[in-house]
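The report below is written for a reader who wants the geometric criteria stated beside the values. It takes up cysteines, salt bridges, a metal site, a ligand shell and some single residues in turn.

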Amino acid sequence: MNAIKDAIKSGRTVVGTAGSPSVDVSLLADAGFDFLLFDTQHSAWEIKQLQPPIQAMRGKQTAPVVRVAANEAYQICFALDAGARGVIIPMVNTRAEAEAAVRACRYYPVGNRSNAGVRGEWGEFKTYRDYMDAVNNELLIVPMIETNQALENLDAIASVPGVDVLLIGPSDLSIELGVPLDYACDTYQRALDKIAAAAAKHGIAAGMYFIPPGMDPNFFVQKGFKFFTMPWSPWAQAGIRNALAEIKR
Ligand code: 3PY
Ligand code: MG
């Protein structure tokens, strides 16, 4: 029903990439990524304009995942009505904030998501209740850990039913820790280990929103992280360069 959620549950490492309004989504949705990220917090995507690009991903293996601009029920509602299979929520700092985010993702009786009769891209269901139950159970819910307060509340956040991933906001977390963009220092690395341990303890995944410049993704894989976004353009350029080199040899 939701391949990306199944992958996370099975313990597989999942890798997505960020799209942008100037790049055809089908190019990236056909490239093998587990998810395509629509970032409405820090990129040019507008939350109210996501339905057409998400519809263009129908039938693809790559799942549309939306980062909302803030932990607000109405933002989450826009993302889900557009058909997102997963939602990333920035700056989740307490158990109450994590619970509010999960409630906003789910219909009654387990949540308070408002209904507009929009089924998004979840396919055909016998009854409307079947659709609501499927979305309630299958949506991927990803709070971001990027403050000192969140670090203090890791167990409380990770144990909220419905939370699937603790996703680090690498740069915000480094700023909060007083080591801006110093991703290799001990203070930062200790925080990463603490987050990975909390996720493991609660049987969920830990993730990095991006791999810090110059660092090897495998370093984070070995630390136990399972959810990554990687930039696609260096890989695309390398593939093109290789193909051209083959022809021009
Ligand atoms: C962060 O680095 O804090 C992020 O949220 C990535 O955009
Ligand atoms: Mg951030």
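Is C77 buried or exposed? C77 is buried, with a relative accessible area of 14%, where buried means under 20% relative accessible area, exposed means over 50%, and partly exposed lies in between, all with a 1.4 Å probe and protein chains only.

This is a predicted model, in which local features need pLDDT of at least 70 and side-chain atom pairs count only at pLDDT 80 or more, while totals for chains, interfaces and linings use all residues. Residues are numbered from 1 along each chain as its sequence is written, chains are lettered from A and ligands numbered from 1 in the order in which they are written, and side-chain values use heavy atoms, with hydrogens and water left out.

**Cysteines**

A disulfide is a covalent bond between the sulfur atoms of two cysteines. With the criterion of a pair of cysteine sulfur atoms within 2.5 Å, the count in this model comes to 0 disulfides. C77 is in no disulfide, since the nearest cysteine sulfur, that of C105, is 10 Å away. C105 is likewise in no disulfide, and C105 is buried at a relative accessible area of 0%.

**Salt bridges**

A salt bridge is taken here as a side-chain nitrogen of Lys or Arg within 4 Å of a carboxyl oxygen of Asp or Glu, and by this rule the model has 10 salt bridges. The table lists some of them, including the pair of D34 and R12.

| Pair | Closest N to O distance | Separation in sequence |
|---|---|---|
| D34 and R12 | 2.9 Å | 22 residues |
| R113 and D81 | 2.9 Å | 32 residues |
| K223 and D193 | 2.7 Å | 30 residues |

Helices (H or I, at least four residues) and strands (E, at least two) are DSSP runs, numbered from the N terminus. In these terms, the pair of D34 and R12 links distant parts of the chain, with D34 in the loop between α2 (25-29) and β2 (35-39) and R12 in the loop between α1 (3-10) and β1 (14-18). D34 is buried, with a relative accessible area of 17%, whereas R12 is partly exposed at 40%.

The pair of R113 and D81 also links distant parts of the chain, R113 being in the loop between α5 (95-105) and α6 (128-138) and D81 in helix α4 (residues 73-81). R113 counts as buried at 6% relative accessibility, and D81 is buried as well, with a relative accessible area of 14%.

K223 lies in the loop between α11 (217-222) and β8 (227-229) and D193 in helix α10 (residues 186-201), so this salt bridge ties together parts that are 30 residues apart in sequence. K223 is partly exposed, with a relative accessible area of 22%, and D193 counts as partly exposed at 38%.

**Magnesium site**

Which residues coordinate the magnesium ion (ligand 2)? The ion is coordinated by E146 (OE) and D172 (OD), at 2.1 Å, where donors are N, O and S atoms within 2.8 Å of the metal (3.2 Å for Na, K and Ca) and, with water not among the atoms, sites may look incomplete. E146 is in the loop between β5 (140-145) and α7 (148-152) and D172 is in helix α9 (residues 170-176), 26 residues apart. E146 counts as buried at 2% relative accessibility, while D172 counts as partly exposed at 25%.

**Ligand 1**

Both metal-coordinating residues, E146 and D172, recur around ligand 1, whose surroundings also include H42, R67, M144, G169, P170, S171, Y209 and F210, a residue being near if one of its heavy atoms lies within 4 Å. The largest share of this shell, 3 residues, comes from α9.

Polar contacts are pairs of N or O atoms within 3.5 Å; within protein, one must be able to donate a hydrogen and the other to accept it, and residues adjacent in sequence count only if both atoms are side-chain atoms. An oxygen atom of ligand 1 is 2.5 Å from a polar side-chain atom of S171, an oxygen atom of the ligand is 2.8 Å from an N or O atom in the side chain of R67, and an oxygen atom of the ligand is 3.5 Å from a polar backbone atom of G169. The protein covers 92% of the 230 Å² of accessible area that ligand 1 has on its own, with areas from the Shrake-Rupley method and a 1.4 Å probe; for residues, only the protein chains shown count as cover.

**Single residues**

T17, found in strand β1, is buried at a relative accessible area of 1%, and its side chain reaches the backbone nitrogen of W232 at 3.3 Å. N242, by contrast, is exposed at 52% and has its place in helix α12 (residues 233-248).
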